[in-house]
Amino acid sequence: MSSPDVPETNLPPLPAPPSGPPGAATARMSLIRNPWVAAGLSFLFPGLGQIYNGQAQKAFIFLAGFVGCIYASIEVNPLPFAFGIPFVYFFNIIDAFRSASLAAARATGREPADDIVAESPAWGISLIALGAVILLHNFGWLSLAALARWWPLVLIVAGAWFLKDSLRKREERKDDGPSV
């Protein structure tokens with residue numbers, strides 16, 4: 001029943017008010033990070049974009065990797081470690097942009113939030129390992145120069161790990177496929 005004074009329109013009904021505690025939508029929107037700002041900060045200095053995204057462990061790893069590559073280029077052998085400097089630098093920028101994009105997609109509901117995982121323990125393990133190697137080198141118990149010829153082994157192990165992980169994920173997708 002409509003009143004004669006109000007014209008009848010075919011507008012859809014208003015959406016239901018958001019559920020949850022008051023201010024939850026505002027808090028969720030405050031978590032949105034601009035991917036371009038994150039990338040720009042990482043461009044200025046490795047790790048700043050990750051700090052902006054709230055990923056302090058990752059920021060420390062990128063900074064340590066960047067400084068470590070410079071240190072190893074000077075002290076150990078320039079050849080393999082000099083390639084690591086731009087790799088860490090550009091990967092840092094890409095990671096900051098990607099992480100901010102994923103966080104924004106989750107906060108706006110475009111991506112499910114149930115797959116959010118805390119930062120990997122691999123970051124802590126890698127810091128412990130890197131610190132142990134540098135400490136052993138500083139005490140003279142390990143010569144990084146002598147290990148320099150073995151650096152391609154790291155690439156082989158990383159490639160095998162990525163291949164194994166990719167094949168495992170492919171099998172999981174195949175097993176989780178729609179059954180008819």
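The following exchange goes through the reasons behind several labels given to this predicted model.

Me: What makes this chain a helical one, in terms of its helices and strands?
Reply: The chain has eight helices and zero strands, and read along the sequence its pattern is α-α-α-α-α-α-α-α. Buried residues account for 20% of the 180 residues.

Me: Why is N53 called buried, and where does N53 lie?
Reply: N53 has a relative accessibility of 15%, and because buried means under 20%, N53 counts as buried. The residue lies in the loop between α3 and α4, and, with neighbours within four places in sequence left aside, N53 is in contact with R33, A38, A96, S99 and A100.

Me: Why is L48 called partly exposed?
Reply: The relative accessible area of L48 is 33%; partly exposed covers the range between the buried cut-off, under 20%, and the exposed cut-off, over 50%, so L48 is placed in that middle class. L48 lies in helix α3.

Me: What makes L48 eligible for a surface patch, and which residues form the nonpolar patch with it?
Reply: Patch residues need over 30% relative accessible area, and L48, at 33%, passes that cut-off. The nonpolar patch on the surface is formed by F43, L44, F45, L48 and I51, with about 530 Å² of accessible area together, and α2 (35–44) and α3 (48–52) each supply at least two of its residues.

Me: Which residues make up the largest nonpolar core, and what makes them a core?
Reply: The largest nonpolar core has seven residues, A39, F62, F66, C69, V88, Y89 and I93, with α4 (56–75) and α5 each supplying at least two of them. The term requires buried residues of nonpolar kinds joined through side-chain atoms within 4.5 Å. Among the core residues, A39 touches I93, A96 and F97, not counting residues up to four places away in sequence.

Me: How do you know that helix α5 reaches close to its expected span?
Reply: Helix α5 (residues 78–107) has 30 residues, and the distance from its first C-alpha to its last is 43 Å, which is close to the 44 Å expected at 1.5 Å a residue. Just after α5, G109 takes a positive phi of about 85 degrees.

Me: Why is the pairing of D95 with K58 called a salt bridge?
Reply: The closest N and O atoms of D95 and K58 are 3.3 Å apart, and because the cut-off is within 4 Å, the pair qualifies as a salt bridge. This pair links distant parts of the chain, with D95 in helix α5 and K58 in helix α4, 37 residues apart, and both residues are buried.

Me: What makes D165, R168, K169 and E172 one network?
Reply: D165 forms a salt bridge with R168, the closest N and O atoms being 2.5 Å apart, and K169 forms one with D165 at 3.4 Å. Salt bridges that share partners join D165, R168, K169 and E172 into one network. D165 and R168 both lie in helix α8 (residues 152–175), three residues apart, while K169 and D165 are four residues apart in helix α8. An α-helix has 3.6 residues a turn, so residues three or four places apart point the same way.

Me: How do you know that D165, R168 and K169 are partly exposed?
Reply: Their relative accessible areas are 23% for D165, 40% for R168 and 41% for K169. Partly exposed lies between the cut-offs of 20% and 50%, and therefore each of D165, R168 and K169 takes that label.

Technical notes
Residues are numbered from 1 along each chain as its sequence is written. This is a predicted model: local features need pLDDT of at least 70, side-chain atom pairs count only at pLDDT 80 or more; totals for chains, interfaces and linings use all residues. Side-chain values use heavy atoms; hydrogens and water are left out. Patches are made of residues with over 30% relative accessible area and no salt bridge: like charges are joined within 9 Å, nonpolar side chains (Val, Leu, Ile, Met, Phe, Trp, Tyr) within 5 Å. Accessible areas come from the Shrake-Rupley method with a 1.4 Å probe; for residues, only the protein chains shown count as cover. A salt bridge is a side-chain nitrogen of Lys or Arg within 4 Å of a carboxyl oxygen of Asp or Glu. Buried means under 20% relative accessible area, exposed over 50%, partly exposed in between (1.4 Å probe, protein chains only). The expected span of a helix is 1.5 Å times one less than its number of residues. Contact means heavy atoms within 4.5 Å.
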